[in-house]
Amino acid sequence: MDENNELDHMDYHEENNAPLDETDKKLVRWRKINENDGPTPKPRHGHRAVVIRDLIVIFGGGNEGMIDELHVYNTETREWVVPQIRGEAPHPAAAFGAAAFGTKVYIFGGMVEYGKYSNDVYELTATRWEWRRMTTKVMGKDLPPAPRIGHSFVVSEKNQKAYMFGGLCNDLNDNKRNIPRYMNDLYVLDLSTAPNALVWSKPEIKGDQPSARESHTAVLYENDRVSRMVVYGGMDGNRLGDLWYLDLNTLQWTEMKITDPRHGFPPMPRSLHTSVLIGTKMFVYGGWVPVMPTAPGEQQDKEWKCTSSLGCWDVEENRWVPLQQYDTDKDDEPRARSGHCAAAMGDRMFIWSGRDGYRKAWSNQVCCRDMWVLETMKPEQSAKVQLGRAGFSSLEVSWPPVPGATGYFLQIGFGDPKDASASPAKRGQVSPRKQPAAATVQKEDEQNKGVTPSLISTQGTTYTTPAPSKPAIGEGGLPQDLFEDSEKNEGTSTSPKPSGDSQADVDSKKRESSSENATAQTSDSDVKKEIGEEKKKVEVQFENADDDLPWFDVGIIKNASINVTHYFNARQQPLEKQLHDLVEHNAFKCINEPNFTAEDKVALINGQTYRFRVSAINGLGKGAWSETASFKTCVPGYPSAPSSIRITKSQDGAQLTWEPPSNTNVSGKIIEYSVYLAVKSQTANPADSQLAFMRVYCGPHAECQVPQANLGTAYVDQTNKPAIIFRIAAKNEKGYGPATQVRWLQDQQKSMPPRSFPNVAPGYLYQHATPHLKKPRFEHH
């Protein structure tokens, strides 16, 4: 914290002689985002940010002149993009109101020139990045809202209405003469009438209402029981620290007065701060605060000051929650600021830019260039690990990314108790690098029967997807599917990696072929004898074994996918014991790093079933472990999984094509393929490792047509995005090998017309052209 700032939350409690309950504090942590790609916006203040899915859309503001740029920050890729704008864009503005409604953004009012304010409403359709100036009407004999700045503007998805409160207007509406007036009026804008004229109404208010103010904040809290707007702070000539509820159903104001110390103590009064709602808690950050009284003899600082303090109001419990900052260095917190923007994404609050303090001399104003994220909770539980590709001594795995995770903790274990009892951790004097023989081998007679059961295991299943098509020339850095789920008529998978023959694939195939050839030298009788001896040892060792199977560390990794070929042996210190230091320094440690040698790790073996679990990590620690998923490495001699699955929609159903297994030169000629479709079943559970499947094709060709009648019985997987699941397996003279599983994404909005996404203009340059008139200064404090 800046030592020149006002008392922080802890000091405020001490000032009121109220001891804090250590167990009641909510732990939060600031983290600076340094890895930003793309064109970073110009620093500013008075701008606004809204959230659309994983994107933060930032517009307007001022810094030695008004700014009309629109930037988009992708929180997943940590990339800034500048979309090519269409339509009638708003005038450069600052201190306006902005709110998101679905994939649309509405802005109202703001300063367009110094002393000149607006009461226009603009709509941005984010799927096309197209602005439109909206026609507005007023219900009854009411006057439209006066042009203003510093008001609050929030949207209720539930009511399909926007609520505008307060602000500062110029009674003369003349930028040369300014008679400021604080307001406390409430207007409601009906958005359900779009795209036609939007309708303003000025409803009758019940009960006492907040005093007139500007530069306050408002958030909307809604559930099945309540719909309320929470207004906090602001400026009416003095900084305000009061908090009000507006019931959107009864339109009655209620002031939340805190008289009981058990309900916490409010932060310092402030204006030009930001507030966001995360769950049931409103987080308040920064802004202008009054100067604290000085001790006798000390010089009084006559200027207002910014703060970097945080406040947290629980909307359900109606109390101020004490916060505890994670134990970090002073440099690991944002410096004081006001006029910044803030946006809530899941359990995180992002802040960007703003200025660090008001000075009378214009040359002393400094706008911040940094972006910070406040982590308020440990990450949520990760979904189950999914298989990307099964090799003879490797398993490519992935899982859906967890919002806000900075890394992932992955562990591996043997797939059943027999294997665990023979694991390096429980074999006494056996070397941790010595591998057990395969516990089981598929029987020849089972393979010859074909794959006819309605339930087939996910063990050894490979998930693949066609390589993505290259973007058209001139598309620049803006993804065309910012809001689309995917190409709906293409085969896709849970693995982010394409199945094309990259160099890694070629190397993997070479290793697999070598493994097959080496294993083929062992006679079947020798293999059966070795397995029989191993089973006898297992039965004795596991007779009284514990049900808790051991886990081994693969690593703490950055991305949500990895090719697992080894795991750490028992000689290494468990990563769980190193977790605090790794989290503190945002560090990663993985078995795949080249500095780990054969003395540190154990290799995966063929024909072995392995369990996986993963947990997400952020600056506050580790989330819950995922459910366990089991996969099996490939067995030599059998065909590997078909690859490059492609699914296209046709009038008769779905057309599937694929490439033959990559190891046919070793495993031999493919006799036939089987295609399975996941079907509706009472036992089908997306959290289960097994689903009900029906065979829809069996034949020698690497393509098939699945009739519409079969697709009508398909089970639609909802674990990530709605999709139909297919599995394809190849058979040689020895039997069937592992299956390829592919998720065919389904259109969720069939009634919606196709949406286009304009490209980033190649070689985009910031256009700070000299305006027609002298640049107005935006000075709002």
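A charge counts as sitting over a ring if NZ of Lys or CZ of Arg is within 6 Å of the ring centre and within 35 degrees of the ring normal. In this predicted model, Arg 611 meets that test, lying over the face of Trp 551 at 4.1 Å from the ring centre. Arg 613 does likewise with Trp 625, at 4.1 Å from the ring centre.

Stepping back to the whole chain, there are 8 helices and 51 strands. Of the 781 residues, 51% count as buried. Take the contacts between residues at least 6 apart in sequence, and 69% of them turn out to join residues at least 24 apart.

Next come the cores. In general, nonpolar side chains of soluble globular proteins tend to be buried together. The largest nonpolar core here has 42 residues, and Val 397, Trp 399, Leu 410 and Phe 612 are the ones touching the most other members. Leaving aside residues up to four places away in sequence, the contacts of Phe 612 include Val 385, Leu 395, Val 397, Leu 410, Ile 412, Val 564 and Phe 631. Trp 551, the ring under Arg 611, is also touched by Phe 612, as are Gln 411, Glu 627 and Thr 628. Apart from this core lies another, of 23 residues, with Val 679, Val 706, Ile 728 and Ala 730 among them.

Aromatic rings give another way in. The structure holds 23 aromatic pairs. One of them joins Trp 658 and Tyr 673 edge-to-face, with 5.5 Å centre to centre and 70° between the planes. Trp 658 belongs to strand E45 (residues 653-659) and Tyr 673 to strand E46 (residues 672-678), so the pair links parts of the chain 15 residues apart. Buried means under 20% relative accessible area, and Trp 658 counts as buried because its relative accessibility is 4%. Tyr 673 counts as buried on the same grounds, at 4%. Elsewhere, ring pairs tie Phe 59, Phe 96, Tyr 122 and Trp 131 into a cluster.

Just after Phe 96 in sequence comes strand E7 (residues 97-101), where 5 of the 5 residues are buried, so the rest of the structure largely encloses this strand. Side chains in a regular strand alternate between the two faces of the sheet. In E7, Gly 97, Ala 99 and Phe 101 point one way while Ala 98 and Ala 100 point the other, and all are buried. E7 pairs with strand E8 (residues 104-113) in the antiparallel sense over 5 bridges, and Gly 97 stands opposite Phe 108. The two strands make a hairpin with 2 residues between them, and Gly 102 in the turn has a positive phi of about 70°.

A further antiparallel arrangement is an open sheet of 4 strands in the order E20-E21-E24-E25. Strands E20 (274-278) and E25 (319-320) are at the edges with a single partner each, so one side of each has no neighbour in the sheet. Strand E21 (residues 281-285) and strand E24 (residues 310-314) pair over 5 bridges, with Tyr 285 standing opposite Leu 310.

Last comes helix H6 (residues 575-584), in which Leu 575, Gln 578, Leu 579, Leu 582 and Val 583 are buried. Viewed down the axis, these buried residues fall within an arc of 140°, so they line one face of H6. Lys 577 and His 580, on the other side, are exposed. Following H6 is Asn 586, with a positive phi near 50°.

Conventions:
Residues are numbered from 1 along each chain as its sequence is written. This is a predicted model: local features need pLDDT of at least 70, side-chain atom pairs count only at pLDDT 80 or more; totals for chains, interfaces and linings use all residues. Side-chain values use heavy atoms; hydrogens and water are left out. Two strands pair if DSSP finds at least two bridges between them. Buried means under 20% relative accessible area, exposed over 50%, partly exposed in between (1.4 Å probe, protein chains only). The arc is that of the directions from the helix axis to the C-beta atoms. A nonpolar core is a set of buried Ala, Val, Leu, Ile, Met, Phe, Trp, Tyr and Cys residues joined through side-chain atoms within 4.5 Å. Contact means heavy atoms within 4.5 Å. Rings of Phe, Tyr and Trp (its six-membered ring) pair if their centres lie within 6.5 Å; planes under 30 degrees apart count as stacked, over 60 as edge-to-face and the rest as tilted.
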